[in-house]
Amino acid sequence: GSSLEPQERSMEPPAAPPEEEEEKEEEEEMPLTAAPGPAGCQLFGYVGIEAVLDQMKIKTMKMGFEFNIMVVGQSGLGKSTMVNTLFKSKVSRKASQPSQEEHIPKTVQLQSVTHVIEEKGVKMKLTVTDTPGFGDQINNENCWDPIIKYINEQYERYLREEILITRKRKIPDTRVHVCVYFVPPTGHWLRPLDLEFMRRLSKIVNVVPVIAKADSLTLEERTEFKQQVQEDLKAHAISVYPQEDFDQDPDDRALNDRIREKIPFAVVGADQEHQVNGKRVLGRKTKWGIIEVENPAHCEFPLLRDLLIRSHLQDLKDITHNVHYESYRVRRLNESNGP
């Protein structure tokens, strides 16, 4: 019993009774099927898979990323001010060219300004495309054509780089990721120009409508106007961002449903700071008081900022690449392969 020599063990299993042998033969004749296992595998030690997130973060911080935003609306609706407020820096076309006099062109001429913004080590190459002259003429027929042409040109540029035999490791991305459309604060309904523009553009780019200069409306007028805009969008089958068709995760659907209830966002832009209760806040000073831009009780600018930057920025880029650019790519390749 206390011998240190290893005991010889037979590799053959012990003989089973005759009844058990018959049952085993029947089991061997049955076809083998994989039993459904659990969704995940239980680890019995630390592997380090979570370190992939740190690797992705470090790589993104080194390389940076691109974000391209287009603002569309009539002159005087505060597009440049809104962009400066959104990124808390002078990134608009007017801010980058302060010495030049502002001349409204007779036609829609798109102008882009690119800046590199850095926050806590993360670099973002921001391109802001402005559309001066949109909707300013008496006859605004086909005034959206230059905008559609510009968006498709950026898709075409990316496609040409992608189909090269020896292509770059990182293709420069100039595609428009989101188009913020400024609706005039009429307080009644959407104009035919607004409906036609969003109907055409929502098929090729992510469109986010906002009510410009919402401080010119009372709270009651603002609520009625938002409801009327939502009814007009639904009646004309215009799908603005975030689109219901692309909601896959139940949590994302619940979040996007709350966002869709608020669209269009009633926003107020301001790039000047004022003293309120001992704090410096962004706002507009009036004879009745100061309208705080980042106060949800005053306007819905925080909702727009969270949608574009803090919660849905990557989703905007993903939908642009996987949906809008993909549809353009399929159409162009079919045209080139056709008879």
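**Figure 1. Lys262 is partly exposed, with a relative accessible area of 39%.** In this predicted model, Lys262 belongs to helix H8. Beyond its neighbours within four places in sequence, Lys262 is in contact with Lys226, Gln230, Glu300 and Leu303. The view also takes in Thr223, which is 39 residues from Lys262 in sequence, while the C-alpha atoms of the two residues are 9.9 Å apart in space.

**Figure 2. The chain as a whole contains 10 helices and 9 strands.** This overview gives the setting for the close-ups. Of the 339 residues in the chain, 37% are buried. The accessible surface of the chain is about 22,300 Å², and carbon and sulfur atoms account for 51% of that surface. Among contacts between residues at least 6 apart in sequence, 68% join residues at least 24 apart.

**Figure 3. The largest pocket holds about 650 Å³ of space.** Its lining consists of 15 residues. Those nearest the centre of the pocket are Phe65, Glu119, Val122, Met124 and Ile309. Two helices and two strands are shown here for their part in the lining: helix H3 (79-87), helix H9 (301-311), strand S2 (111-119) and strand S3 (122-130) each supply at least two residues.

**Figure 4. Thr129 is a buried residue of strand S3.** The relative accessibility of Thr129 is 3%, under the 20% limit, and Thr129 therefore counts as buried. Not counting residues up to four places away in sequence, Thr129 touches Ile69, Met70 and Val71, together with Leu110, Gln111, Ser112 and Tyr150.

**Figure 5. Six residues form a nonpolar surface patch of about 610 Å².** The patch is made by Leu43, Val47, Ile49, Val52, Leu53 and Met56. Val47 is located in the loop that runs between helix H1 (18-29) and helix H2 (51-63). Because its relative accessibility of 58% is over 50%, Val47 counts as exposed.

**Figure 6. Cis peptide bonds precede Pro242 and Pro264.** Most residues other than glycine have a negative phi, and most peptide bonds are trans. The bond joining Tyr241 and Pro242 is cis, with omega at about 0 degrees. Pro242 sits in the loop between helix H7 (219-235) and helix H8 (250-262). For the cis bond from Ile263 to Pro264, omega is near 0 degrees. The loop that holds Pro264 lies between H8 and strand S6 (265-266).

**Figure 7. Asn142 and Lys213 are non-glycine residues with positive phi.** For Asn142, phi is about 60 degrees. Asn142 occupies a place in the loop between S3 and helix H5 (145-162), and its relative accessible area of 37% makes Asn142 partly exposed. For Lys213, phi is near 45 degrees. Lys213 is in the loop between strand S5 (207-211) and H7. With a relative accessible area of 42%, Lys213 is also partly exposed.

Conventions: Residues are numbered from 1 along each chain as its sequence is written. This is a predicted model: local features need pLDDT of at least 70, side-chain atom pairs count only at pLDDT 80 or more; totals for chains, interfaces and linings use all residues. Side-chain values use heavy atoms; hydrogens and water are left out. Helices (H or I, at least four residues) and strands (E, at least two) are DSSP runs, numbered from the N terminus. Buried means under 20% relative accessible area, exposed over 50%, partly exposed in between (1.4 Å probe, protein chains only). Contact means heavy atoms within 4.5 Å. Accessible areas come from the Shrake-Rupley method with a 1.4 Å probe; for residues, only the protein chains shown count as cover. Patches are made of residues with over 30% relative accessible area and no salt bridge: like charges are joined within 9 Å, nonpolar side chains (Val, Leu, Ile, Met, Phe, Trp, Tyr) within 5 Å. A salt bridge is a side-chain nitrogen of Lys or Arg within 4 Å of a carboxyl oxygen of Asp or Glu. On a 1 Å grid over the protein atoms alone, a cavity is a set of points where a 1.4 Å probe fits but cannot get out, and a pocket is an open set with protein on both sides within 12 Å along at least five of seven lines; lining residues have an atom within 4 Å of a point. Grid points are joined across faces, edges and corners, and a volume is the space filled by probe spheres set on the points.
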